[in-house]
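Work through the following exercises with the sequence and the coordinates side by side. Each task is followed by a solution that proceeds step by step.

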Amino acid sequence: MWIMKIYLATPMNGRPIEDIKEKIADWASLLAKKGIDFFNPFSEAVAMDNAVNGVVEDKRPVEILCNAAKYIEDCSSVLFIGSMDELRQSLGCQVELVIAVNYGKGFYLYDDGEIIEIESLKLTWKFSR
């Protein structure tokens, strides 16, 4: 039996911990009310270890991202909590998007009052010598 489980992605670096917690809590509550299982990659302990004056300033962003993103494997889709502009600015969430789309997971973002599905990506590579 297939069970829906949503990975909650949101920008963290450069943002106040309280804002991150509030955004995730709002979506977690909404999903729980609908009986939808989810995974919340946010760890307040990790965020506090990487915060300056309550704002996340990742000292080891790749390590933190890898520790969180590995749980996409166990989810059916990823929900980006933020706007398209925020997605464009968040390197970590862009990696989560690539993982989700390339490995057949759904990827959705909530922007301006609607949920948008990102079905495919066009990646451009440039190499130089």
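**Exercise 1. Salt bridges**

Determine how many salt bridges this predicted model contains, and describe where their partners lie.

Solution. The criterion to apply is a side-chain nitrogen of Lys or Arg within 4 Å of a carboxyl oxygen of Asp or Glu, and under it the count comes to five salt bridges.

Begin with helix 1 (residues 17-33), which holds both Glu-18 and Lys-21, three residues apart, about one turn of the helix. The side chains of these two residues meet in a salt bridge with an N to O distance of 3.3 Å, and Lys-21, at 28% relative accessibility, counts as partly exposed.

Next take helix 4 (residues 84-89), where Asp-85 and Arg-88 are likewise placed three residues apart, about one turn of the helix. Their closest N and O atoms are 3.0 Å apart, and the two residues form a salt bridge; Asp-85 is partly exposed, with a relative accessible area of 48%, whereas Arg-88 is exposed, at 57%.

A further salt bridge joins the side chains of Glu-63 and Arg-60, at 2.4 Å from N to O. Here Glu-63 is partly exposed, with a relative accessible area of 39%, while Arg-60 is exposed, with 54%.

Finally, Arg-15, Lys-23 and Glu-86 are linked in a network of salt bridges.

**Exercise 2. The surroundings of strand 5**

Establish whether the residues of strand 5 (residues 77-81) are buried or exposed, and identify the strands with which strand 5 pairs.

Solution. Start with the accessibility of the strand: five of its five residues are buried, so by the cut-off of under 20% relative accessible area strand 5 is mostly covered.

Then consider the directions of the side chains. In a regular strand the side chains alternate between the two faces of the sheet. In strand 5, Ser-77, Leu-79 and Ile-81 point one way, Val-78 and Phe-80 point the other way, and all are buried.

Now turn to the pairing. Strand 1 (residues 5-9) runs in the parallel sense to strand 5 and pairs with it over four bridges; within this pairing, Ala-9 has Phe-80 of strand 5 as its bridge partner. Strand 6 (residues 106-111) also pairs with strand 5 in the parallel sense, over five bridges, and Phe-107 in strand 6 stands opposite Val-78.

The last step follows the chain beyond the strand, into the loop between strand 5 and helix 4, where Gly-82 is found. Gly-82 is buried, with a relative accessible area of 10%, and its C-alpha atom is separated by 6.1 Å from that of Tyr-110, although the two residues are 28 residues apart along the chain.

**Exercise 3. Cysteines**

Explain why Cys-93 is not bonded to Cys-66.

Solution. A disulfide is a covalent bond between the sulfur atoms of two cysteines. The distance to compare is the cut-off of 2.5 Å between cysteine sulfur atoms, and by this rule the count comes to zero disulfides. Cys-66 is in no disulfide, the nearest cysteine sulfur being that of Cys-93, 14 Å away. Seen from the other side, the sulfur of Cys-93 has its closest cysteine sulfur in Cys-66, and 14 Å is too far for a bond. As for their surroundings, Cys-66 counts as partly exposed at 46% relative accessibility, whereas Cys-93 is buried, with a relative accessible area of 2%.

**Exercise 4. Aromatic and nonpolar side chains**

Find the cluster formed by ring pairs, and name the residues that make the nonpolar surface patch of about 440 Å².

Solution. The count of aromatic pairs comes to two, and ring pairs link Tyr-7, Phe-39 and Tyr-71 into a cluster. The nonpolar surface patch is made by Leu-123, Trp-125 and Phe-127. Of these residues, Leu-123 is found in the segment after strand 7 (114-117) and counts as partly exposed at 45% relative accessibility.

**Exercise 5. A backbone angle**

Locate Asn-53 in the chain and describe its phi angle and its exposure.

Solution. Asn-53 is found in the loop between strand 3 (51-52) and strand 4 (55-56). Most residues other than glycine have a negative phi. Asn-53, although it is not a glycine, has a positive phi of about 55°. This residue is also exposed, with a relative accessible area of 80%.

Note on methods: Residues numbered from 1 in each chain as written. Predicted model: local features only at pLDDT ≥ 70, side-chain atom pairs only at ≥ 80, totals over all residues. Heavy atoms only, no water. Helix = DSSP H or I, 4+ residues; strand = E, 2+ residues; numbered from the N terminus. Buried < 20%, exposed > 50% of the residue type's maximum accessible area, 1.4 Å probe, protein only. Patch = residues over 30% accessible without salt bridge, like charges linked within 9 Å, V, L, I, M, F, W, Y side chains within 5 Å. Areas by Shrake-Rupley, 256 points an atom, 1.4 Å probe, with all protein chains shown as cover. Phe/Tyr/Trp six-rings, centres within 6.5 Å; stacked < 30°, edge-to-face > 60°. Pairing = 2+ DSSP bridges.
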